[in-house]
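Work through the exercises below with the model open beside you. Try each task before reading its solution.

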Amino acid sequence: MRVIQSGVGNFGMSWLYAVRDCNVTEHVALVDPNPEALTAAGDITGVPPERRFTQLKDALNSVDADGLIDVTPAPCHPTTSISAMEAGLHVLVEKPIAENMRAAQRMVQSAREFDRILMVTQQYRYQDQPRTLRRLISQGAIGEIDHMVVEFQIQGLLQGWRKIMPHPFLMDMAVHHFDMMRYLIGKNGAKITAQTWNPSVSNTAGDMNAFVWIEFEGGARVNYSGTFAAPGVDTGWNGRWVITGSKGSLVWNQRDEWGPIRLFRQDADLSIYTDQHFFTPLPDIWGEPIHAESIGASGHTYDLYHWQACIEKGMEPETSGRDNLNTLALALGAVQAADTGQTVDVRRVGAEREQEASWMAKWERTVPVAV
Ligand SMILES: NC(=O)c1ccc[n+]([C@@H]2O[C@H](COP(=O)([O-])OP(=O)(O)OC[C@H]3O[C@@H](n4cnc5c(N)ncnc54)[C@H](O)[C@@H]3O)[C@@H](O)[C@H]2O)c1
C-alpha cells in the first residue's frame, strides 16, 4: 500500500518506523510544515526530497497513493483527513479522531460519501492482553460484567500544543482507556459523571487529573481514576483493571510479573447458603494466572494490517471512524460532565453543542500549520 504520512512530529516518528518495517505498506510522500522534521523523516524512510511536502495539497496533487496516515494534532484531523478522502485516499487517523463531535461526524460522513475506509488508531486494544481478556469475558469466564475499577497513573511533562489544550488528560490520554472499556464491555456508554483538576506538579494549563464514573448500556459501571501528573507509582500505559462479573473477577495489571492477567472464579452455588456467608478464603487467593495468546502483530503493525485488509475486502474496521464516535462521546462526555458538574447522557454528546472555535488557533499563531 502506498502511503502518505501527514505529521512527522514526536508520535509521527513511531509511524515512520512502523510503515517502513511493515511488509504491506511503503511511504510514497511525507507532509509536515516543519522542514527539520521533514528532513529527519526523509532520512528514516528514504523518501526523496522531491516527495517531502510542507502542504498536503501538493502531495495529493503530485503523488499517486492509496492511503493517508494522519498523525497531525487533533484539531487538524478533520481538514487533513477529509482532503485526503476527497482525493480518493483511505485514511488511518490518530486518536482522538477530532476535538469535537461535529467535526468527527463530518469525517465519518466524508468516508461514506467518498466510499473510503476511515480507521482510527486506537491501538491499545490491539494487544495480546486485552484480546485475551475480551475472549474470556465473551466466553462467560466471569459471567455478566457488573463493574470495573480502572486506575491509570503516570508522571507526564507535556510539550507543545498539549500545554495549552483544554483537558489534555481526558482528550489525549484517557480516550485510549475509554476505548478499551467499550471494547472489553462490548457496549457503549450511557451516563457519565466526572471531576477534573490540575495538581501542583502539572506543567499544563488544562487539567491532568480526573475521577470519572460511567454507566454503560446494559448496566455495567466503571470507576476510573486517571492522572498524567503523578509522581511515584507508575501503572504503565494500559493502567490497572479489576473487572468484576456475576461469577468472578479478572485482574489485569501489566506491572504484575507474577501474572499480568489473573482470573478469580466464584463457581459456588449461592442458593445453598441460607445464613450470612462470606466467601473467604477463596480456593486460591492469588487467582489463576492466564497466559495471553499472541495475536502476532500488535499496536501500529496490527493497525496497518487491519486497515489494509479492510480496504482490500471492503470491510468496516473494528475501530472505524463510525465506531469511534462512541469512544469520542465518552471523552467529550467526561469533559462536559467535568465542566458543568452535571451527569451527562453520553448518547446525546455533541447533539446540542455548537462547534466551538478550536483552541488550536492560539497555538497556530506561533507554529505554521499547513493543509
Ligand atoms: N496512539 C497513541 O498512542 C498516540 C500517542 C501520542 C500521540 N498520538 C496522537 O498523534 C497525533 C500527533 O501527536 P504528536 O505527539 O506527534 O504531536 P507533535 O506536535 O509532536 O507532532 C505533530 C506534527 O504535525 C505537524 N503538523 C501540524 N499541523 C500539520 C498539518 N496541518 N499537516 C501536516 N503536519 C502538521 C507538526 O509540525 C508536527 O511535526 C495527535 O493526534 C496525538 O493525540 C497518539
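**Exercise 1. An unusual backbone bond**

Locate Pro96, then describe the peptide bond that leads into it from Lys95.

Solution. This is a predicted model. Step 1: Pro96 sits in the loop between β5 and α5 (101-113). Step 2: take omega from Lys95 to Pro96; the value is near -15 degrees, and the bond is cis. Step 3: set that against the background. Most residues other than glycine have a negative phi, and most peptide bonds are trans.

**Exercise 2. A sign of phi**

What is the phi of Asp115, and where does Asp115 lie?

Solution. Step 1: the phi of Asp115 is positive, about 55 degrees, although Asp115 is not a glycine. Step 2: Asp115 belongs to the loop between α5 and β6.

**Exercise 3. The parallel sheet**

Give the strand order of the six-stranded open sheet and name its edge strands.

Solution. Step 1: the order reads β3-β2-β1-β4-β5-β6, with parallel pairing. Step 2: β3 (52-53) and β6 are the edge strands, each pairing on one side only. Step 3: check one pair. Strand β4 (residues 67-70) runs parallel to strand β5 (residues 90-94), with four bridges between them. Leu68 has Val91 of β5 as its bridge partner.

**Exercise 4. The mixed sheet**

Which strands stand at the edges of the nine-stranded sheet, and what does that leave on one side of each?

Solution. Step 1: write out the order, β14-β13-β12-β11-β7-β10-β9-β8-β15; the sheet is open and its pairing is mixed. Step 2: β14 (288-289) and β15 (344-345) are at the edges. Each has a single partner strand, so one side of each has no neighbour in the sheet. Step 3: check one pair here too. Strand β7 (residues 145-153) and strand β11 (residues 240-245) are antiparallel, joined over six bridges. Ile145 stands opposite Gly245 of β11.

**Exercise 5. A salt bridge between distant parts of the chain**

How many salt bridges does the model hold, and what does the pair Asp66 and Arg2 link?

Solution. Step 1: the count is 19 salt bridges. Step 2: in the pair of Asp66 and Arg2, the closest N and O atoms are 3.0 Å apart, inside the 4 Å cut-off. Step 3: place both ends. Asp66 is in the loop between α3 (56-62) and β4, while Arg2 is in strand β1 (residues 2-6); 64 residues separate them.

**Exercise 6. Two domains and their interface**

Describe the contact between domain 1 and domain 2, from overall geometry down to side chains.

Solution. Step 1: the domain assignment gives domain 1 as 2-122 + 298-316 and domain 2 as 125-289. Their C-alpha centres lie 30 Å apart. The contact draws 13 residues from domain 1 and ten residues from domain 2.

Step 2: the buried area is about 1000 Å², with 58% from carbon and sulfur atoms. Lys95, Gln122 and Tyr302 supply 53% of what domain 1 buries against domain 2, more than any other three residues.

Step 3: count the specific contacts. There is one salt bridge between the domains, and three residue pairs are in polar contact across the interface. Asp172 and Lys95 meet in a salt bridge at 3.4 Å, N to O.

Step 4: look at the side of domain 1 that touches domain 2. β6 (118-121) and α8 (299-313) each supply at least two of its residues. The largest share, four residues, comes from α8. By type, the residues are five nonpolar, five polar and three charged.

How values were computed:
Residues numbered from 1 in each chain as written. Predicted model: local features only at pLDDT ≥ 70, side-chain atom pairs only at ≥ 80, totals over all residues. Heavy atoms only, no water. Domains from an automatic or database assignment. Contact = heavy atoms within 4.5 Å. Buried area = accessible area lost by both parts, 1.4 Å probe. Salt bridge = Lys/Arg side-chain N within 4 Å of Asp/Glu carboxyl O. Polar contact = N/O pair within 3.5 Å; in protein donor to acceptor, adjacent residues only side chain to side chain. Nonpolar A, V, L, I, M, F, W, Y, C, P; charged D, E, K, R; others polar. Pairing = 2+ DSSP bridges.
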